[in-house]
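Reader: Please take me through this model by its classifications. For each label, I should like to see the value and the criterion behind it.

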Amino acid sequence: MTDNTNNETPEAIKCVSLFRLITGEDIISEYETSYISVGNKTTFNLINPSKLIVRRFPSGEVGIALIPWLPEEVLASGHISVVIDNRDVLTKTILRDKMVEFYEQYVRQHRSAMEKNDESLNQNIEQLIKT
C-alpha cells in the first residue's frame, strides 16, 4: 500500500499491486477488494489496470513497459474500472515503491493523452456509423 496525498486535498490510501492472472498476464492496478457472501466470492475492482511487459536481454539489462490492458478507445471516458473474480488471479503481490510511482505517472500521462484524443476518436466513430 502506498499513501498518495497531495497538498490541496487529501486522498484515500490507494492499494496498487501486481496481479498475475491465470492467462499468464501481469497486470499492475490500483484495486479494491470485495467479498460477496452469495457463493463466497472475492472480487477485485481493478482501477486503471495496465499490462506489465518485462523484457530481459542477454546483456543482463531489463526493459519494463506498461500498456493499456483494455481497448480504452471504445470504453466510456474517465477512470477505467473492471471487476475480476479472485479465481482468475494466480497471485497478487506488493510492488517496489518506485514501480508504484512509475505506474501512477503512466496512468496520469496516459489519461491526459486519451483526453486529448477523445475528440478525434469520436469523429472517427461518427464516420464509421455513417458508412
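Reader: What makes Asp26 count as buried in this predicted model?

Author: The relative accessibility of Asp26 is 14%. Buried means under 20%, so Asp26 falls in that class. Asp26 lies in strand β2, which covers residues 26-36. Leaving aside residues up to four places away in sequence, Asp26 touches Leu18, Phe19, Arg20, Ser50, Lys51 and Leu52.

Reader: How do you know that Arg20 and Asp26 form a salt bridge?

Author: The closest N and O atoms of Arg20 and Asp26 are 2.6 Å apart. The criterion asks for a side-chain nitrogen of Lys or Arg within 4 Å of a carboxyl oxygen of Asp or Glu, and the pair of Arg20 and Asp26 therefore qualifies. The side chains of Asp26 and Arg20 are also joined by a polar contact of 2.6 Å, a class with a limit of 3.5 Å.

Reader: Why is Arg20 called partly exposed?

Author: Arg20 has a relative accessibility of 38%. Partly exposed is the class between under 20% and over 50%, so Arg20 belongs there. Its partner Asp26, with a relative accessible area of 14%, is buried.

Reader: How many salt bridges does the count give, and what makes the pair of Asp85 and Lys41 one of them?

Author: The count comes to four salt bridges. In the pair of Asp85 and Lys41, the closest N and O atoms are 3.4 Å apart; with the limit set at within 4 Å, the pair is therefore a salt bridge. This pair links distant parts of the chain, with Asp85 in strand β5 (residues 81-85) and Lys41 in strand β3 (residues 41-56), 44 residues apart.

Reader: Which salt bridge does Asp85 form with Arg87, and at what distance?

Author: The closest N and O atoms of Asp85 and Arg87 are 2.9 Å apart, which satisfies the limit of within 4 Å. Lys41, Asp85 and Arg87 are thus linked in a network of salt bridges.

Reader: Why do Asp85, Lys41 and Arg87 receive their respective accessibility labels?

Author: Asp85 has a relative accessible area of 10% and is buried, because that class means under 20%. Lys41, at 30%, counts as partly exposed because its value lies between the two cut-offs. Arg87, at 61%, counts as exposed, since exposed means over 50%.

Reader: How many aromatic pairs are there, and why is the pair of Phe19 and Tyr31 called edge-to-face?

Author: The count comes to three aromatic pairs. The ring centres of Phe19 and Tyr31 are 5.3 Å apart and their planes stand at 90 degrees. Centres within 6.5 Å make a pair, and planes over 60 degrees apart count as edge-to-face; the pair of Phe19 and Tyr31 is therefore edge-to-face. Because Phe19 lies in strand β1 (residues 16-21) and Tyr31 in strand β2, the pair ties together parts that are 12 residues apart in sequence. Both Phe19 and Tyr31 are buried.

Reader: What makes the pair of Tyr31 and Phe44 edge-to-face?

Author: The rings of Tyr31 and Phe44 have their centres 6.0 Å apart and their planes at 75 degrees. These values meet the limits of within 6.5 Å and over 60 degrees, so the pair is edge-to-face. The pair links distant parts of the chain: Tyr31 is in strand β2 and Phe44 in strand β3, 13 residues apart. Ring pairs link Phe19, Tyr31 and Phe44 into a cluster.

Reader: Why are Tyr31 and Phe44 assigned to their accessibility class, buried or exposed?

Author: Tyr31 has a relative accessibility of 12% and Phe44 one of 8%. Buried means under 20%, so Tyr31 and Phe44 count as buried.

Reader: Which residues make the nonpolar surface patch?

Author: The patch is made by Val62, Ile64 and Phe102 and comes to about 250 Å². Val62 is in strand β4, residues 62-68.

Reader: What pattern does the chain follow, and what share of its residues counts as buried?

Author: Read along the sequence, the pattern is β-β-β-β-β-β-α, with one helix and six strands in the chain. Of the 131 residues, 31% count as buried. The accessible surface comes to about 9,300 Å², and 51% of that belongs to carbon and sulfur atoms.

Methods: Residues numbered from 1 in each chain as written. Predicted model: local features only at pLDDT ≥ 70, side-chain atom pairs only at ≥ 80, totals over all residues. Heavy atoms only, no water. Helix = DSSP H or I, 4+ residues; strand = E, 2+ residues; numbered from the N terminus. Buried < 20%, exposed > 50% of the residue type's maximum accessible area, 1.4 Å probe, protein only. Areas by Shrake-Rupley, 256 points an atom, 1.4 Å probe, with all protein chains shown as cover. Polar contact = N/O pair within 3.5 Å; in protein donor to acceptor, adjacent residues only side chain to side chain. Contact = heavy atoms within 4.5 Å. Phe/Tyr/Trp six-rings, centres within 6.5 Å; stacked < 30°, edge-to-face > 60°. Patch = residues over 30% accessible without salt bridge, like charges linked within 9 Å, V, L, I, M, F, W, Y side chains within 5 Å.
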